[in-house]
Amino acid sequence: MSLANTAAEYMLSDALLPDRRGPRLKGLRLELPLDRMVKFVAVGSPLLLMSLAFAQEFSSGSPISCFCPSNFSAQQAAYVDSSCWDSLVHHEQDEPGQYKMKSLWPHKALPYSLLALAMVMYLPVLLWQYAAVPALSSDLLFIISELDKSYNRSIRLVQHVLKIRQKSSDPHVFWDELEKARKERYFEFPLLERYLACKQRSHSLVATYLLRNGLLLLFTSVTYLYLGHFHLDVFFQEEFSCSIKAKLLSDETHVPDLITCRLTSLSVFQIVSLSSVAIYTLLVPVIIYNLTRLCQWDKRLLSIYEMLPAFDLLSRKMLGCPINDLNVILLFLRANISELISFSWLSVLCVLKDTTSQKHNIDTVVDFMTLLAGLEPSKPKHLAQQGCDEHP
């Protein structure tokens, strides 16, 4: 009997989680994986396309090439290229002697508009970092710590029950005390459950998360409008007519009224425009999916932790509308599942509990570990029958 008790003590000691003190949870993820991916793509792609535009400008020199008259010197031709790039206005003859002007400024503003787009797309990330991350990190640290501590308390409680069983001379007294403790909920530690229940009535985290993704959708829509209104208007225009007869050259008769110029950077402009549309079109379903995850509970995570005493949010049907801070916290607990050491142990216990033949007597870790330690989860039938015989 002593060997069995020693083996049970060793088994319970091994089931205890290590105490993590000092600087812990350094790798805590405060962004969901899909949110991180959206951030890198939404902010990084404009910067990558901007570098492509600058690289093309530095490698090929002037972004336009003007067809100057043959009597123009090289310096005059360079002046024409510079002047036409500075103005970047297309003169189209509307009526005899009258010209309709059309600005081609999106070509010149392309790198800077991409930089502005990257900065705008980073604003929702800054909002999340400053408005939600401090509170979220403290919530996760407390909840992860309490979940692991609650598991350890359950194991230590089983160790204590085992010691009392060994020291008890009357098995009837032991089982009466054990059943009384279960009935009066002595094994429960309701601090964590009450804290999570309070989070169901809080909406600061979920409001910030909705605002972050809503701003991403808004900025994406503004990007579509900008590309459709300004880029599409000059998307296929490779050549334009430029006028340099201004100021000192306005009275020069040998200078033609219009000079035809070609945009050598049109291909890069088209690639950047199409790439931006394609990238943000692919991001929209991901952002919408992130929002839809708030409409349902992660019940698998909750069901596993139902084995902890006083953690019965599901069985008591305490879960209401999922759009609250608790649901956001559950999503981040799922993302930080590697920090929850108790999760792997409870997952194993849930599998074993489903395969045991006495499911109706096993509700919590205390019940199951009591069974593994060699004790019946409930009062044995022969002792119960003796009690009935003694008290007819």
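L192 is a good place to start: this residue is buried, with a relative accessible area of 5%. L192 sits in helix 7, and its C-alpha atom is 8.6 Å from that of S150, which is 42 residues away along the chain. Keep in mind that this is a predicted model.

How far can you trust it? The mean pLDDT of the chain is 77, with 70% of its residues at 70 or more. Residues 387-392 are a weak spot, with pLDDT below 50 and one contact in the model beyond near neighbours in sequence. Where pLDDT is low, don't read the predicted coordinates in detail.

Now for the cores. The largest nonpolar core counts 40 residues, and L136, L140, Y305, L333 and L346 have the most contacts inside it. Helix 5 (133-167), helix 7 (191-199), helix 8 (204-231), helix 10 (299-305), helix 11 (325-335) and helix 12 (341-355) each give two or more residues to this core. Take L140: setting aside neighbours within four places in sequence, L140 touches L28, R29, L30, I329, F332, L333 and N336. There's also a second, separate core of 24 residues, with A53, C84, L110 and L266 among them.

On to the charged pairs. The model has four salt bridges, and three of them are listed here with their N to O distances.

| Salt bridge | N to O distance |
|---|---|
| E31 and K39 | 3.0 Å |
| K199 and D139 | 3.1 Å |
| R262 and E238 | 3.5 Å |

K199 belongs to helix 7 and D139 to helix 5, so their salt bridge ties together parts that are 60 residues apart in sequence. Both K199 and D139 are buried.

E31 and K39 are tucked away too: E31 is buried at a relative accessible area of 5%, and K39 is buried at 15%.

The R262 and E238 pair links distant parts of the chain, 24 residues apart: R262 is in strand 5 (residues 259-263), while E238 is in the loop between helix 8 and strand 4 (239-242). R262 has 29% relative accessibility, so it counts as partly exposed, and E238 is partly exposed as well, at 35%. Elsewhere, salt bridges with shared partners join E31, K39 and R212 into one network.

Last, the surface. Y122, L123, L126 and Y130 make a nonpolar patch of about 430 Å². Of these, Y130 is in helix 4 (residues 105-131). Is Y130 buried or exposed? Its relative accessibility is 67%, and exposed means over 50%, so Y130 counts as exposed.

Definitions and conventions: Residues are numbered from 1 along each chain as its sequence is written. This is a predicted model: local features need pLDDT of at least 70, side-chain atom pairs count only at pLDDT 80 or more; totals for chains, interfaces and linings use all residues. Side-chain values use heavy atoms; hydrogens and water are left out. A nonpolar core is a set of buried Ala, Val, Leu, Ile, Met, Phe, Trp, Tyr and Cys residues joined through side-chain atoms within 4.5 Å. Buried means under 20% relative accessible area, exposed over 50%, partly exposed in between (1.4 Å probe, protein chains only). Helices (H or I, at least four residues) and strands (E, at least two) are DSSP runs, numbered from the N terminus. Contact means heavy atoms within 4.5 Å. Patches are made of residues with over 30% relative accessible area and no salt bridge: like charges are joined within 9 Å, nonpolar side chains (Val, Leu, Ile, Met, Phe, Trp, Tyr) within 5 Å. Accessible areas come from the Shrake-Rupley method with a 1.4 Å probe; for residues, only the protein chains shown count as cover. A salt bridge is a side-chain nitrogen of Lys or Arg within 4 Å of a carboxyl oxygen of Asp or Glu. pLDDT is the predictor's confidence in each residue, from 0 to 100.
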